[in-house]
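Biologist: Could you take a close look at the salt bridges in this model for me? I would like to know where the partners sit and how open they are to the surroundings, with a few words on other local features afterwards.

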Amino acid sequence: MSLRPPLRPEAATARRREWDPLAGGSALLFWAKIVGNGGYFVAVLIVARALGPDGRGTVAFITVTALVVAHVAGLGVGEATTVFAAQQPARRPVLLSNALVFFSGSGALAGALAFSGMLLGGLSPAEVSPADLAILSFGILASALVEAGYAFLLGTERLRQLALATASASWVYALFVTVLWSTGGVTVGRAALAWTTAESMRALAVVSLSIRGIRLGRPSRRLLTESIAFGARVWVGSLSRFLNFRIDQILMGFIASEAALGLYAVAVNMSEVLLYLPSAAATALLPLVARADAVRRTEQTLRAFRSVALVTAAGVVAATLLGPALLPAFFGASFSESVGPFLWLLPGTLGFAASTVFSNALVASRSPGLSSLGPIVALIVGFALDLALIPPFQANGAAAAASAAFLAGGATAIVANRRLSPFPWTALLVPRRGDLDVLRALAGPFLRFPLPRRSAS
């Protein structure tokens with residue numbers, strides 16, 4: 001029998017409400033990403049088995065191009081919306097209206113230009129039909145609206161609603177593909193249409209959640225101009241970081257075979273699991289740091305990096321041991337050649353962890369120029385190595401280039417952050433109190449830990 005006196009109702013309530021935004025938010029978004037990408041993994045698995053490396057490569061080209069073009073058209077307004085919504089609550093109704101109007105227009109225009117440019121200019125691979133290009137153009141608009149809703153939910157720190165949308169939307173894509181597979185109707189066009197439909201439903205979900213409880217304001221040209229002015233400086237780095245994930249697959253669509261792209265896309269899908277926690281931590285860190293003073297900002301950033309670096313390193317070791325057996329077991333013997341690029345991608349995950357955490361901290365510190373340095377270096381290094389390594393080494397070359405790019409970008413982001421907020425190099429790796437709160441929060445759903453309490457540091 002425990003001798004500890006029972007908590008009073010008000011004390012128990014206060015304890016339940018204790019919430020560490022960094023640890024708790026990172027864990028919440030991490031598990032939402034795990035659940036959501038479970039659905040995406042199911043869909044990718046079915047498409048890969050039904051269409052083989054060639055068909056999987058064509059579908060990857062369509063979906064990746066839609067995401068890239070939508071992000072290019074965003075001009076950094078999403079990042080500006082997140083930072084301004086966190087720092088200026090009174091302007092949130094107008095910020096949301098501006099974001100919805102801007103992303104609707106930019107997404108529609110980008111979709112139309114992509115369709116006409118690829119169709120009339122012959123810029124798409126031969127395997128992509130005019131019908132596929134039409135699907136791609138609608139996917140661009142849907143992805144743009146997803147970015148608008150996502151940015152606002154993050155800026156208002158409505159992480160639970162964001163996590164709900166993240167966890168559920170990809171399962172819609174999996175459901176559509178499963179129905180097609182069970183009826184023998186999986187084709188490139190239908191798989192791409194299933195993805196675009198699911199992305200449209202994701203957009204509807206995040207926009208609906210954003211509007212809930214907000215009375216939309218009248219769009220403001222002055223505030224939009226301010227958002228574009230701030231966002232354009234972030235956009236360079238944000239776009240570079242986004243392209244670091246996708247440009248190699250787009251390049252492979254033109255300078256490598258569809259089969260090589262299919263093999264590489266599967267390796268990327270598997271290795272991206274190790275990027276979920278750094279992405280979640282950097283996402284949770286952005287609004288938190290935007291409201292913090294300089295000292296607190298540095299403490300939170302270093303704490304986030306130490307936590308995710310530890311988990312990521314452990315994940316790399318586990319993936320190295322288990323990946324070579326699991327990958328062909330899941331996707332089939334025809335994808336056994338994906339093991340090589342999968343292993344080449346693993347070292348870059350540590351560089352990605354540094355790049356995403358420190359670059360997001362610089363964005364929140366209203367230093368968009370410095371925040372762009374790491375992603376820009378990664379993009380330049382990656383693009384140059386892609387051109388050099390993909391022709392002779394195909395998927396293995398693309399993977400090696402990606403790892404080198406992420407490591408270079410991560411190192412640059414650390415130096416840029418240290419220039420703005422000096423800290424000793426030992427602070428990157430020497431554990432501090434509160435570092436394990438993120439791990440504790442991650443294990444909470446399984447070990448029934450209480451919500452992570454705010455660190456005293």
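Modeller: Happy to help; here is a walk through the charged pairs, followed by some backbone and surface details.

Please keep in mind that this is a predicted model. It holds two salt bridges, and they make a nice pair to discuss side by side.

Let us begin with Glu 226 and Arg 91, whose side chains meet in a salt bridge at 3.2 Å, N to O. Glu 226 belongs to helix 8 (residues 221-255), while Arg 91 is in the loop between helix 3 (77-87) and helix 4 (92-121), so this contact ties together parts that are 135 residues apart in sequence. How exposed are the two partners? Glu 226 has 31% relative accessibility and therefore counts as partly exposed. Arg 91, at 30% relative accessibility, counts as partly exposed too. For both, the class follows because partly exposed covers the range between the buried limit of under 20% and the exposed limit of over 50%.

The other bridge joins the side chains of Arg 202 and Glu 199, again with an N to O distance of 3.2 Å. Here the two partners share one element: both are in helix 7 (residues 188-211), three residues apart, which is about one turn of the helix. Are they buried or exposed? Both Arg 202 and Glu 199 are buried. To put the two cases together, the Glu 226 and Arg 91 pair links a helix with a loop, whereas the Arg 202 and Glu 199 pair stays within helix 7.

Now for the backbone, where two residues may catch your eye. Leu 75 is not a glycine, yet it has a positive phi of about 55°. Leu 75 is found in the loop between helix 2 (21-73) and helix 3, and its relative accessible area of 34% makes it partly exposed. Gln 394 also has a positive phi, near 55°, and is likewise a residue other than glycine. Its setting is a helix, namely helix 15 (residues 373-420). With a relative accessible area of 26%, Gln 394 is partly exposed.

Finally, a word on the surface. Which residues make the nonpolar surface patch of about 490 Å²? Val 317, Leu 321, Leu 322, Leu 326 and Phe 330 form it. One of these residues, Leu 322, can be placed in helix 11 (residues 294-331).

Conventions:
Residues numbered from 1 in each chain as written. Predicted model: local features only at pLDDT ≥ 70, side-chain atom pairs only at ≥ 80, totals over all residues. Heavy atoms only, no water. Salt bridge = Lys/Arg side-chain N within 4 Å of Asp/Glu carboxyl O. Helix = DSSP H or I, 4+ residues; strand = E, 2+ residues; numbered from the N terminus. Buried < 20%, exposed > 50% of the residue type's maximum accessible area, 1.4 Å probe, protein only. Patch = residues over 30% accessible without salt bridge, like charges linked within 9 Å, V, L, I, M, F, W, Y side chains within 5 Å. Areas by Shrake-Rupley, 256 points an atom, 1.4 Å probe, with all protein chains shown as cover.
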